[in-house]
Amino acid sequence: MNAPSAATPAVAVRGLIKSYGAVAAVRGISFEVAAGEVFAILGPNGAGKSTTVEILEGHRTADDGVVSVLGFDPAAAGREFRDRVGIVLQESTVDTSEVTVAEALDTFGAAYRRPRDRGEVLELVGLAGKEDARLKALSGGQQRRIDLALGLIGDPDLLFLDEPTTGFDPEARRAAWEMIKGLRSLGRTIILTTHYMEEAECLADRVAVLVDGRIVACAPPSRLLGSERATVRFRLPAGAAPGDLPALVAAAVEVDGDRAALSTERPTAMLAELTAWAVRRGIELADLHVSPPSLEDAYLHLIGADGDGNRAN
């Protein structure tokens with residue numbers, strides 16, 4: 001029996017290595033994905049994300065290491081493995097000429113032994129009633145939903161989602177997130193790659209961050225946030241210089257033009273100092289707000305990027 005139990009990981013990777021000539025794309029990574037887990041793989045371009053996922057999907061072979069997906073070696077597995085896996089690529093490969101939504105789903109569904117009901121899938125992705133619409137007549141966001149529907153039509157145990165909400169407006173993105181949460185509640189395992197840190201933070205049970213072919217962190221998003229540091233931001237009042245601020249604030253503040261920001265593990269004390277200073281002078285602090293640590297902050301720190309997303313030398 002190949003189906004993973006609650007105690008058996010859906011995906012197990014040990015010492016995975018893959019190179020392209022002299023370029024080492026993946027350098028001995030190891031990780032597991034539990035059955036029913038949403039597992040996000042993050043990293044800058046060229047970090048090895050796509051290579052890793054393509055090996056898990058069976059589209060590439062590893063140079064070394066052990067890979068088990070749903071109890072199969074994906075490089076050698078046949079139809080039984082592919083019958084239990086769904087893949088949503090970053091870019092659609094669906095014919096967008098005269099094909100209707102129903103025709104596309106029925107064609108893809110015929111490749112599986114136990115396809116889901118077409119109507120259920122369209123309801124799930126928010127396209128109920130669109131069976132007779134031609135793909136070329138759909139908006140970009142709707143076509144992306146069709147990509148999700150095609151990945152779900154085989155009722156997979158494991159779903160690979162590569163940038164699943166690219167092109168979605170905020171409302172559609174939130175709806176897609178609810179759909180993914182629903183799949184998790186049904187016990188489906190999901191491997192997600194995304195550049196939206198909020199998406200990973202909202203959906204993922206755990207996040208693996210790859211840099212230069214190595215995993216530099218693998219933990220629940222809340223643990224990756226590290227300390228309880230918060231960011232305090234405000235605009236410097238007209239005529240005020242950083243040195244005019246109270247000593248506790250001035251020692252930590254960074255100023256760009258009239259925009260001031262500081263990172264602190266003592267936001268309450270910082271705010272008390274700052275607001276008392278402003279009240280004594282009878283001035284208002286425009287755009288004053290406190291932000292908790294985010295996954296984006298932790299991610300940029302882990303990949304060695306500056307605040308503009310550029311890798312540090």
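The legends below describe an overview and several close-up views of a predicted model of one protein chain.

**Figure 1. Overview of the predicted protein chain.** The protein chain contains eleven helices and 13 strands. Its C-alpha atoms fill a box of roughly 75 × 45 × 35 Å along the principal axes. Of the 313 residues, 42% count as buried. Among contacts with a separation of 6 or more, 67% join residues 24 or more positions apart. The exposed surface of the protein chain comes to about 15500 Å², and carbon and sulfur atoms supply 48% of that area. The chain carries 33 positive and 45 negative charges, and the mean positions of the two sets are 2 Å apart.

**Figure 2. The open sheet β2-β1-β4.** Three strands make up this sheet, and their pairing is antiparallel. The edges are formed by β2 (23-33) and β4 (64-69), each of which pairs on one side only. On average, neighbouring strands of the sheet are turned by 25° against each other, direction ignored. In general, strands of a sheet pair through backbone hydrogen bonds, either parallel or antiparallel.

**Figure 3. Pairing of β1 with β4.** Strand β1 covers residues 11-20 and runs antiparallel to β4, with five bridges between the two strands. Two residue pairs can be picked out in this view. V13 stands opposite V67 of β4, and V11 has V69 of β4 as its bridge partner.

**Figure 4. The hairpin of β1 and β2.** The antiparallel strands β1 and β2 are joined by eight bridges. One residue pair to look for is S19, which stands opposite A24 in β2. Two residues lie between the strands of this hairpin, and G21 in the turn has a positive phi of about 65°.

**Figure 5. Helix α1 and the sheet formed by β2, β1 and β4.** Helix α1, residues 49-57, packs on the sheet and touches β1, β2 and β4. The direction of α1 makes about 120° with that of β1. Seven of the nine residues of α1 are buried, leaving the helix mostly covered. The buried residues are K49, T51, T52, V53, I55, L56 and E57. Just after α1 comes G58, which takes a positive phi of about 90°.

**Figure 6. Strand β8 and its partners β3 and β9.** Strand β8 spans residues 206-211 and is mostly covered, with five of its six residues buried. Strand β3 (residues 38-42) pairs with β8 in the parallel sense over four bridges. The pairing of β8 with strand β9 (residues 214-219) is antiparallel and has five bridges. A208 of β8 can be followed to both partners: I41 stands opposite A208, and C218 is the bridge partner of A208 in β9. The hairpin of β8 and β9 has two residues between the strands, and D212 there takes a positive phi near 50°.

**Figure 7. L186 in the loop between α6 and β7.** Where does L186 lie? The residue is found in the loop that runs between α6 (170-185) and β7 (189-193). Is L186 buried or exposed? L186 counts as exposed because its relative accessible area is 51%, and the cut-off for exposed is over 50%. A102 is 84 residues from L186 in sequence, and the two C-alpha atoms are 25 Å apart in space.

How values were computed
Residues are numbered from 1 along each chain as its sequence is written. This is a predicted model: local features need pLDDT of at least 70, side-chain atom pairs count only at pLDDT 80 or more; totals for chains, interfaces and linings use all residues. Side-chain values use heavy atoms; hydrogens and water are left out. Buried means under 20% relative accessible area, exposed over 50%, partly exposed in between (1.4 Å probe, protein chains only). Contact means heavy atoms within 4.5 Å. Accessible areas come from the Shrake-Rupley method with a 1.4 Å probe; for residues, only the protein chains shown count as cover. Lys and Arg count as positive and Asp and Glu as negative; His and the chain ends are not counted. The place of a charge is taken as NZ of Lys, CZ of Arg, CG of Asp or CD of Glu. Two strands pair if DSSP finds at least two bridges between them. Axes are lines fitted to C-alpha atoms, for helices over the stretch in contact, and angles run from 0 to 180 degrees between N-to-C directions.
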